Amino acid sequence: MYFAALLARTEDGWEASDMELDDVESLSDLIDLARSAAVDDDTVVALIEQEDAWFGVIRVDGEEDPRYFVSNASVADRSSYGSMLTKELLGTDEEDDGLDVLDLDGTEDGEEEPVAAYADEEDGADEEPRAGSEPLPAGPLGDPRLLDDLGVGHKELLTLDGDAVTEIAEALGATDVLEAVR
């Protein structure tokens, strides 16, 4: 289960909105969604968390290139949205390779029972790395300094676990607005 939210900086602080991931099929869609939430091309921080297993932060500042951080690349890569981020960070994201190749609704064609979206670290311990790729780090990947100027230092970001989204929102001064969309 994912929790995703957009925090858009305004003159009066932060505005939060629930990020509906159903319409997100690619990283480009996610970036477009973040940019559409921006107020006067100011900063937008997209936060994605999956059951306290990993979290991702995407920072969009106007038309500048987005910046990314994933707390645990090997675990995130086992999930659909985490895989989008790890592929981008490793430079293996192909424009045509969106989430349409992944099973995002949790069912196979003709199958009614849900399929696990991610495997627990213990469950995947004996798995071979994906064909044609190097094993992903069992730790952070991306730019840990992407929130330094907003009050979340890189050392703090690297040590977050559990409910990291709430801790990030607290450091940004956006706890109240985030709780309103939870």
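## Exercises on a sheet and its salt bridges

In this predicted model, Arg59 has Arg67 of β5 as its bridge partner. Let's start from that pair and work outwards.

**Exercise 1.** Work out how strands β4 and β5 pair, and which helices pack on the sheet.

*Solution.*
- Step 1: Find the two strands. β4 covers residues 54–61 and β5 covers residues 67–70; they pair in the antiparallel sense over four bridges.
- Step 2: Add helix α1, residues 27–37. This helix packs on the sheet and touches β1 (2–10), β3 (43–50), β4 and β5, with its direction at about 55° to that of β4.
- Step 3: Add helix α5, residues 164–172. Helix α5 also packs on the sheet, where it touches β1, β2, β3 and β4, and its direction makes about 155° with that of β3.

**Exercise 2.** Write down the strand order of the sheet, then explain why β2 and β6 each have one side without a neighbour in the sheet.

*Solution.*
- Step 1: The six strands run in the order β2-β1-β3-β4-β5-β6, with antiparallel pairing, and the sheet is open.
- Step 2: β2 (13–18) and β6 (141–142) are at the edges and have a single partner strand each, so one side of each lacks a neighbour in the sheet.

**Exercise 3.** Show which parts of the chain are tied together by the salt bridge between Arg9 and Asp42.

*Solution.*
- Step 1: Check the distance. The two side chains meet at 3.2 Å, N to O, and the cut-off for a salt bridge is 4 Å.
- Step 2: Place the residues. Arg9 belongs to strand β1 and Asp42 to the loop between α1 and β3, so the pair connects parts 33 residues apart in sequence.
- Step 3: Look at accessibility. Arg9, at 26%, is partly exposed, and Asp42, at 25%, is partly exposed too.

**Exercise 4.** Decide whether Glu49 is buried or exposed, and find its salt-bridge partner.

*Solution.*
- Step 1: Glu49 has a relative accessibility of 5% and counts as buried, because buried means under 20%.
- Step 2: The partner is Arg182, with the closest N and O atoms 3.8 Å apart.
- Step 3: Glu49 lies in strand β3 and Arg182 in the segment after α6 (175–181), 133 residues apart. Arg182 is partly exposed at 41%.

**Exercise 5.** Return to Arg67 and locate its salt-bridge partner, Asp143.

*Solution.*
- Step 1: The side chains of Arg67 and Asp143 meet at 2.9 Å, N to O.
- Step 2: Arg67 sits in strand β5, while Asp143 is in the loop between β6 and α4 (154–159), 76 residues away.
- Step 3: Arg67 is partly exposed at 28%, as is Asp143 at 24%.

Technical notes:
Residues are numbered from 1 along each chain as its sequence is written. This is a predicted model: local features need pLDDT of at least 70, side-chain atom pairs count only at pLDDT 80 or more; totals for chains, interfaces and linings use all residues. Side-chain values use heavy atoms; hydrogens and water are left out. Two strands pair if DSSP finds at least two bridges between them. Contact means heavy atoms within 4.5 Å. Axes are lines fitted to C-alpha atoms, for helices over the stretch in contact, and angles run from 0 to 180 degrees between N-to-C directions. Buried means under 20% relative accessible area, exposed over 50%, partly exposed in between (1.4 Å probe, protein chains only).
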